[in-house]
Amino acid sequence: MFSWGKVENDGETTPAPIATAQKEVEAGQANLKIGEIEKALANFRRAIREVEHNVSAKGCEMRLSLHIMIGDLLLRVNKPNQAMEECTSAIAIDGRCVKAILLKARALIADGDMDAASIELNRAQELEPKNGEIADISATLEYCLDNDNNLASCLAFIDAQEYEQAICCLKKIVETAHSLGATRQLAHGCSYLGIVLQRMKGHQDQCVEWHQRHSQLAEGLGDIEVNPNTRLPCCQVLTWVPLLQGAMPCVIKPEQLLHSHQPSSQSSRSPGPDLLTGGLRSEVC
């Protein structure tokens, strides 16, 4: 239970927790202006804690806005799963809040769940048929579906060992996914790029860089835990997403990536067996 002391605010009497929450919001907005997203998130979360048990209209309105702001920021830092949790909390406060519903659709797209995103968009359409943001997010969803198809096409290049074409295709996919905010699709593209470079000669540094990028994104998606010092997974991780039927995933251990990153006479060895039909040799890159 909060202690509802009183403070003066613009001539009106405001409950102390709400006034404290407002100060945290102002501090968070100031942090956003200078690009300090993590600090802003901390401010907004402290603000929510101040009003989490406040069932007044003002308290509910503030919690709704804060959950939406936090969710939007979490999407910016490629954490769609956490963003969806904020959306769920916002929708629990107001089930007809289209802003929260659309944010959830964006989070679902980022997480790669296009069917669920489409359901949320239809729900928003029923509530606000003239909302222009619905068309924008629907277009993003369509672009993501096209990008998924392109990603599947890249596997044909990999399977045919046409690595230069695969790299060109994958870089376009990564660029598109980044611009669309499609975090899981971006993670897939980074993973594939690391794997293609793993199978080529003389690309150890780039191979590790793409695997590190994939690990960072997978951490934000909640798929794996990443060592904060190396930015590599704390445990072995599937680095290939099985989009083709019958394809075998490829397991990479973090110590293998670290070992392969060191210059050695083994760096010119041929890559491991076919990624689509077998495992991976100990020299990853």
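1. Let's start with what lines the largest pocket in this predicted model. Four helices each give at least two residues to that lining: α5 (98-110), α7 (132-159), α8 (163-180) and α9 (183-199).

2. The space in this largest pocket comes to about 250 Å³. Its lining counts 14 residues, and if you want to find the centre, look for Leu75, Arg106, Leu180, Gly181 and Ala182, which lie nearest to it. Sorted by class, the lining has seven nonpolar, five polar and two charged residues.

3. Now follow α5 to its partner, helix α6 (residues 114-127): the two pack at an angle of about 160°, and their axes are 8 Å apart. Angles over 145 degrees count as roughly antiparallel, so that is how α5 and α6 run relative to each other. The crossing of α5 past α6 is left-handed.

4. Who touches whom here? On the α5 side you'll see Val98, Ile101, Leu102, Lys104, Ala105, Leu108 and Ile109, and they meet Met114, Ala116, Ala117, Glu120, Leu121, Arg123, Ala124 and Leu127 of α6. This contact has 12 nonpolar residues, three charged ones and no polar ones.

5. Another pair worth a look is helix α1 (residues 16-33) with helix α3 (residues 57-76), packed at about 25° with axes 12 Å apart. That angle makes α1 roughly parallel to α3. Here too the crossing, α1 past α3, is left-handed.

6. In this second contact, Ile18, Ala21, Gln22, Val25 and Leu32 from α1 meet Lys58, Gly59, Met62, Leu66, Met69 and Leu73 from α3. By class, that gives eight nonpolar, two polar and one charged residues.

Notes: Residues numbered from 1 in each chain as written. Predicted model: local features only at pLDDT ≥ 70, side-chain atom pairs only at ≥ 80, totals over all residues. Heavy atoms only, no water. 1 Å grid on protein atoms, 1.4 Å probe; cavity = no way out; pocket = protein on both sides within 12 Å on 5 of 7 lines; lining within 4 Å. Points joined across faces, edges and corners; volume = space filled by probe spheres on them. Nonpolar A, V, L, I, M, F, W, Y, C, P; charged D, E, K, R; others polar. Axes fitted to C-alpha atoms, helices over the stretch in contact; angles between N-to-C directions. Parallel < 35°, antiparallel > 145°, perpendicular 65-115°, else oblique. Left-handed = near helix turned anticlockwise from the far one by under 90°. Contact = heavy atoms within 4.5 Å.
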